[in-house]
Amino acid sequence: MGKNKLTVEKLSKQFGTNEVLQNISFTVEEGEFLSILGPSGCGKTTLLRILLGLETAESGRIIKDGIDIAGLPPAQRGMGMVFQNYALFENMTVLGNVEYALKKRGGSKKARSTALELIERVGLSGHLSKKPRQLSGGQQQRVALARTLAVNPDIILLDEPMSALDVETRLALRSEILDLQKEFGSTIIYITHDQEEAFAMSDRIMVMHEGVIQQIDSPHKLMDQPANDYIRAFVIHNIQVKIDSLIRYSREAK
Amino acid sequence: MKTSGKLTAVKGLLLIFFAVSVLLPLLRMLARMTTVDIRGLLVSGPFLAALKNSLVVTAVSTLIAVFLATLLSWLLERSRIRFKGLFALLFTLPMLIPSISHGMGLVVLFGANGLVTGWFGLKGSIYGFWGIVAGSVMYSFPVAFLMLSDILRYEDSSPYEAADVMGISRRHQFASITAPFLRRPMLSTLFAVFTLIIIDYGVPLMVGGQYKTLPVMMYQDVIGLLDFGKGSVIGLVLLTPALVAFILDVLNRDKLTLSFVARPFRVRKNRLRDGLAYVTSGLVSLAVLLPIAAFLLLTLVKKYPSDMRLSMDNISRAFNMGAGANLGHSLVIALVTSLTGVALSFLVAYMTARTPGKLSKILHLVSLISLAIPGIVLGLSYVLFFKGSLIYGSLAILILVNLVHFFASPYLMIYNTLAKLNEHLEAVGQTLGVSRISIIRDVILPQAGGTLAEMFTYFFVNSMMTISAVAFLATAGTRPLSLMITSFEAQMLLECAAFIALLILTVNLLVKGLFTYYRSRKERSAYEPDQAAV
């Protein structure tokens, strides 16, 4: 850690008269896990789509490894994305999903072995020939992860990847994602509206509200020195409620 | 961005296509009206009489058809009788032959020399009001049946279970659960059936006799007297109910979201109800099969009723008079219409369902407009607009008019399918470095296969049996098979006309059968793991 992986400078975006992003600036360090935390409609998904190149910003720069990538097409930015609801190819098998892009980019033999390795890594070797609808939500999420990792991106963006999963699966996937990050040395930008998730996983959290960054700090610092009332109300209060209920639960359990 | 520029260009081209194939011909027809004394025509005796006839006969037929369809769809969806699939197939059989053959069926059975008339020594005439009603019910019943069956199949049973628990009587359950649930779909069905009947000239032309309706008047003015101006005015009048239905439909479409996870009904044992279901379904099946059996008899005997020996005379006469060539025309028209229709509606639906924007919304609305244009009106406007152009008098114009005429329903089928697929598929492709075209070919098309086959079938079957739009546009060298029914009937060659109806039915049944086979195979394979991929 320590080296700047991604620098975003003064990014702005409007839809009609609606200012979705206002002067967004931040940096992400190599190997960092950065969460973007905010309620729906705060502009976090738009930000992700702009970083990926699926959407263009009105103004601002995106610099990755010292190069301005704002003009590059999505596939040349070295970023991978795990979409909300996974967006798997329903007509293809697990193996088909993971090796598809590799095959399209040439080298079908290499594609097969890379895909098999990744599927093994996410623990789905026993489900190679199943279609997505035959898998559980958590398994589908793992396929989506493997598919994204297949093209070897150095930054991985995840858009609310756990929102459709049950609590148990979420907890299991949390540590799996962190393990994968370590193994592949990826930098991760993780969108969520779940405070607890952000606090449990991140090196730093960026809190967004109405298109503006409210605060960007480590979980600790966010708790100790909230920048404004919004952080106090939206972030800390919610965490406090959860901690309180946990304490009450553990007391009653005794 | 480059890609969005390309998409806009494609949408622009599609809009131009619809402008040329739908809007301009219609405007041309409206322009033609300026040469007519419209007010004089609209208050003239014959016109008012035909208008009144049309309204009365359509209203009565609509009520009967929808009543029957409600009863039958309810009996099939909420009873425990066997052979439901077979009954449903039989009920929709009339959709596979031209409306005019329903009129002919009545003539063959109940006309002056009719089969049933002869056996029972009946008197009275099928020609006139009740003839049109009977034929129109026959022809529109399947549509109403399909619409209502669909609604009933997806009704949620949990409100009824809750009502049972609370001890609410059956009568109150009907009033407070069933009636409100059915109100909107019932209204849609009534409008659809009314529109279908009021613009049809096949049935009234055959059995109307002196009871003249507006479409028949228009048909005779245009085909018989070549009075395009007057025809245009009547065309505009016929456009009105369809336009009203269309606007209501578009307004309602977005609101109508059925709850998707409905608890299916557990039908209890009820001997009386099931008995009633068998009897009614049997009677309706008989009513459907009787004309077809009559066509078969008429075709296969030398001369009914005087010479009952089996013979191929009628068939060979029909072929001597061009049935072979016209069957060829029909097959070419139906095949090309289906292929281009499927491709075009897929392209349009891809744009409107998966690439958002203002142009997409306009394109969506324009695509649905054909739903509101009666074939007879479309045919006339094509005559006026394309006369003198390169395609006039060729198979191409028949293909084009069918494509536009039948566009809306298949378009909606594929639109719904594409809108349901995950919205991020193309974005996934972009981040993985896979082009939009590849995603369409490798991911979207394979998942739309069943819908595409259904669309193909829809275009094909309708192109085989339509007479309304093509009647004005066909020449001796391009005449489709369906139009031979009209001409054989005019020459009093009912036997040959019956054979043509059977021929169309056979081709359409084959195509339908192939589709059903394809779909059942696809459904089975959808849940099996794909072994070949490993």
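How much area do chain A and chain B bury between them, and what percentage of it is on carbon and sulfur atoms? The answer is about 2400 Å², with 63% of it on carbon and sulfur atoms. Keep in mind while reading that this is a predicted model. Here are my notes, starting with that contact.

1. **Who takes part in the A–B contact.** Chain A brings 30 residues to the contact and chain B brings 24 residues. The rule picks out six residue pairs in polar contact across this interface, both partners being at pLDDT 80 or more. On the chain A side, three elements supply at least two residues each: helix 1 (44–52), strand 6 (79–82) and helix 2 (94–104). Of the elements in chain A, helix 2 gives the most to that side, with four residues. Sorted by class, the side of chain A that touches chain B has 15 nonpolar, seven polar and eight charged residues.

2. **The salt bridge between the chains.** One salt bridge is found by the rule across the interface of chain A and chain B. If you want to look at it on screen, go to the side chains of B:Asp442 and A:Lys104, which meet at 3.1 Å, N to O.

3. **A:Met81, a residue with a partner in chain B.** This methionine sits in strand 6 of chain A, one of the elements that supply at least two residues to the side touching chain B. A:Met81 has 5% relative accessibility, so it counts as buried; the cut-off is under 20%. Leaving out residues up to four places away in sequence, A:Met81 touches A:Leu48, A:Leu52, A:Thr148, A:Leu157 and A:Asp159 in chain A, plus B:Thr431 from chain B. There is also a pairing to check by distance: A:Met81 and A:Leu149 are 68 residues apart along the chain, and their C-alpha atoms are separated by 9.1 Å.

4. **How chain B is divided.** The domain assignment splits chain B into domain 1 (1–35 + 312–522) and domain 2 (54–213 + 268–310). Their C-alpha centres lie 27 Å apart. In the contact between them, 26 residues come from domain 1 of chain B and 24 residues from domain 2 of chain B.

5. **What is buried between the two domains.** Domain 1 and domain 2 of chain B bury about 2300 Å² between them, and carbon and sulfur atoms give 76% of that. Three residues to click on are B:Glu495, B:Leu502 and B:Leu505: together they supply 22% of the area that domain 1 of chain B buries against domain 2 of chain B, more than any other three residues.

6. **Polar links between the domains.** Two salt bridges are counted between domain 1 of chain B and domain 2 of chain B. For a salt bridge within chain B, look at the side chains of B:Asp313 and B:Lys302, at 2.9 Å, N to O. The rule also finds eight residue pairs in polar contact across the domain interface, both at pLDDT 80 or more. On the domain 1 side, helix 14 (313–320), helix 21 (436–465), helix 22 (482–490) and helix 23 (494–526) of chain B each supply at least two residues. Helix 23 of chain B has the largest share of that side, twelve residues. By class, the domain 1 side has 17 nonpolar, five polar and four charged residues.

7. **B:Ala448 in helix 21.** B:Ala448 lies in helix 21 of chain B. Its relative accessibility is 0%, so B:Ala448 counts as buried. Not counting residues up to four places away in sequence, it touches B:Ile414 and B:Thr417. By contrast, B:Ala448 and B:Lys212 are 45 Å apart in space, C-alpha to C-alpha, and 236 residues apart in sequence.

8. **Helix 18 of chain B.** Why is helix 18 (residues 395–405) of chain B described as largely enclosed by the rest of the structure? Because nine of its eleven residues are buried. Among them are B:Ile397, B:Leu400 and B:Asn402. At the start of the helix, a side-chain oxygen of B:Ser394 reaches to within 3.1 Å of the backbone nitrogen of B:Ala396.

9. **B:His405 in that helix.** B:His405 is also in helix 18 of chain B, and at 16% relative accessibility it counts as buried. Setting aside neighbours within four places in sequence, B:His405 is in contact with B:Ser370, B:Ile373, B:Gly375, B:Leu378, B:Thr466, B:Ser468 and B:Ala469.

Technical notes
Residues are numbered from 1 along each chain as its sequence is written. Chains are lettered from A and ligands numbered from 1 in the order in which they are written. This is a predicted model: local features need pLDDT of at least 70, side-chain atom pairs count only at pLDDT 80 or more; totals for chains, interfaces and linings use all residues. Side-chain values use heavy atoms; hydrogens and water are left out. Buried means under 20% relative accessible area, exposed over 50%, partly exposed in between (1.4 Å probe, protein chains only). A polar contact is a pair of N or O atoms within 3.5 Å; within protein, one must be able to donate a hydrogen and the other to accept it, and residues adjacent in sequence count only if both atoms are side-chain atoms. Contact means heavy atoms within 4.5 Å. Buried area is the accessible area (1.4 Å probe) that two parts lose on being put together, summed over both. A salt bridge is a side-chain nitrogen of Lys or Arg within 4 Å of a carboxyl oxygen of Asp or Glu. Ala, Val, Leu, Ile, Met, Phe, Trp, Tyr, Cys and Pro count as nonpolar, Asp, Glu, Lys and Arg as charged, and the others, Gly among them, as polar. Domain bounds come from an automatic or database domain assignment.
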